[in-house]
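Reader: I'm new to this one and would like a close look at a single part of it. Could you walk me through it slowly?

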Amino acid sequence: MFNLKSGRRAFSSGKHTVCIVACGQSADIKAARIFNGLEKMGKAQDINLVGVGGPKLAEHGLNKSLLDIDAFPDKAWVPFRRTRNDNYYDSDWLKRYNPFLYSTFHKHNNALLKQIDENDLTKEIYRHRPSAVLTVNNEKFSYDFYDRLNANYKGRVQKPARVHFDRFVHNLDSSFENKYDHLIYTVPKPRKDWNDYVFPSTYIGQTGVADAWSFLYSRSDKYKHLLTDSSIFIRKEFQHELISELVAEERRRYRETNNIDDTKNLIFISAGNKKSELEWSLPIINETIDEFLQVFTKPTSESTYAVDRDAIEVVFSVESGSGQQVKNFVQGHKWGCKVRIVSSPEDRFSAMAASDMAMAYNGDAASELAAMQVPTAILAYLDKTRFYWMQVYDRNIANINIMSGGHGFPEIIEGQANKLKLTDVLGGWFISPKEKFEYMRLYEAPLYKSFALKASDSIKSTDLVQVTEEYDEFYLPDYLAAKAFWDLLSKYPEEYRSDFAGFGAAPGAGA
C-alpha cells in the first residue's frame, strides 16, 4: 500500500533492488567486476542483488540464481561487421542474423525463455520493482528478455533503468530506446546512422589490458603513482617502451624468485575457464608440448636450434572455477619437461611477464598477453558452421585482433588446432624471438584504444612524474562501468524503491 502523505511505498527502505541476468560463466565474471567497482565507490551496500548468476555474483550477495547459468551458450560468436545485406534497423531482431547460423544459438535461448514464460519470472521481477535491470552478454536473449519484461510495465508505472553490457554496439536507431536505456561495451567499434544518431552508450575498454598494465604499474616504485583507484596514466607516445621496461623488471623478479635461469624458454598456458573449453584445449596443448620438445630439444632433434630439454619449462595459469580440472589433467599426463602452476592474479601476471611465448584460449587472456608483449597462439573452438560464418562476417574472433583490424596474434580455430600447426607457430617464435617486436608495433594503437579517455587535455608529466614525456589519463574499465551503471541507477525515484524478500515471497502490501 502507499503512504498517501509521503507518496512512498510502505515497504521502501531507500535501497535499490537490482535484477541482473548474467548469460554464462564469462558474463558472471564481467558482472561481478561491476559490483567490485561499486564496492570501491562505497555504493554496494545500497543494493539488493537478485536474478541470474554464478559463483562470482554469489560473492556479491546473489543468493539464488533463477536460471541455470551453464544453460546459456557462453562466449557465443556474433557478427560485428556491417554488410550490404544486413538490416540493422529492422525491429525484428531475427532478420539481423543468418537463421541457419543461429539455429543452435536460438535453441538454447528459446529453452531458457520458455522457462521464464512458464514460471512468470518477468512478472515476478516486475512485482518487486527493481530500480535497474542489467543483462550481460548474449544480446539476442537480452533483447527477448526485455521484450517480456517491458510488457509488464503499462501506463505510467515507473520503469527500471534497462542496461545491456556486451562487446559491441550494433546499429540501433532511436526506436530501440523502447527496449534498452543504455549499453555498456568493450570493443571500440562506434556505430551511427545516416543522421549521426548514436544509441546511448558507454565505452569502457578492455579489462584484460587494464589488469595487466595496472599490475605492472603497481609493482614499480618508479611508475606506481601513474595508477589511481579510477584511472591510469598512459604515455601519448612510446608507451610500449615503458611497458617493455616494466615487463623486463617483472621477468627478472619472477625468474629470480622461482630459480629460472634467463636462458630458459618459458611457455605460458591459459587453457580456458569453462569445463567444455578445457576438455577441448588441454589434450591439444599436451600433444603440442610433446611435439615441440621432439622437434626443438635434444636428443630427439637434429636442428641447429635444438637445446637441452631442461631449457624448456611450461607454466599453467588456473582460475578459481576451473583450477582443479587443470591440475588433475596436468598431474595425469606426461609432459617431458618441468611444469609449473600459478593460481593467484599476481603470480599469473608475473609468470606472463617472465614467459617467452604462450598459448591461450580466446578471452581476456589474449588481451592480457598482448599487453604483456608475449607472442601468443590464440585457441578457440567453433563448430564448422560458425567457423565459416565468422570468416565471412568478422575474419577474427579475439577482441584485440578485431581492434587491430586483423593484424596480430595468430588465431588457431577448431580443426586448425593440432600439434603440427601449433608447433610450427611456437617454433617460429623460438627460432626468432625478435618477432615479438612486430606484435608490439601492430598492437601499439589498439592497446592505446583499450581505454576510455578521462580528460581531453594531456597532462604534462613534469606535473606528475620525474620524466619528460606527456601522459593522457584514462578511466579504468571496472570503475567506468560501475560509474555508468550507478549514474543510471541513482536516477530511479526513491519512492519507488523496494525491499526484496526473495522470489516467491510476498513483495509487500500493495505490490
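Reader: Which residue in strand 14 does methionine 359 stand opposite?

Author: Sure, and keep in mind that this is a predicted model. Opposite methionine 359 you'll find alanine 377, in strand 14. Now for the strands around that spot. Strand 13 covers residues 357–361 and strand 14 covers residues 376–380; the two run parallel and are joined by four bridges.

Let's step back to the sheet they belong to. It is an open sheet of six strands, with parallel pairing, and if you read across it the order goes 12-11-10-13-14-15. At the edges stand strand 12 (338–342) and strand 15 (411–413); each has a single partner strand, so one side of each is left without a neighbour in the sheet. Going from one strand to the next, the twist averages 20°.

Something also packs on this sheet: helix 11, residues 364–371. Helix 11 touches strand 10 (265–270) as well as strand 13 and strand 14, and its direction makes about 160° with that of strand 13. An angle over 145° counts as roughly antiparallel, so helix 11 is roughly antiparallel to strand 13.

Next, have a look at phenylalanine 316. Not counting neighbours within four places in sequence, phenylalanine 316 is in contact with Ile269, Leu282, Ile285, Val326, Val330, Trp335, Val339, Arg340, Ile341 and Val342. Some of those names take you back to the sheet: strand 10 spans 265–270, and strand 12, at one edge, spans 338–342.

Phe316 also leads us to the largest nonpolar core, which has 80 residues. Phe316 is among those with the most contacts inside that core, along with Trp213, Ile285, Ile289 and Met372. Helix 8 (residues 275–296) gives the most to this core, with nine residues. There is a second, separate core too, with 64 residues, including Leu134, Leu149, Tyr475 and Leu489. As a general point, nonpolar side chains in soluble globular proteins tend to be buried together.

To place all this in the whole chain: there are 16 helices and 18 strands. Of the 511 residues in the chain, 55% are buried. And if you take the contacts with a separation of 6 or more, 70% of them are between residues 24 or more positions apart.

Terms used. Residues numbered from 1 in each chain as written. Heavy atoms only, no water. Pairing = 2+ DSSP bridges. Axes fitted to C-alpha atoms, helices over the stretch in contact; angles between N-to-C directions. Contact = heavy atoms within 4.5 Å. Core = buried A, V, L, I, M, F, W, Y, C linked by side-chain atoms within 4.5 Å. Buried < 20%, exposed > 50% of the residue type's maximum accessible area, 1.4 Å probe, protein only.
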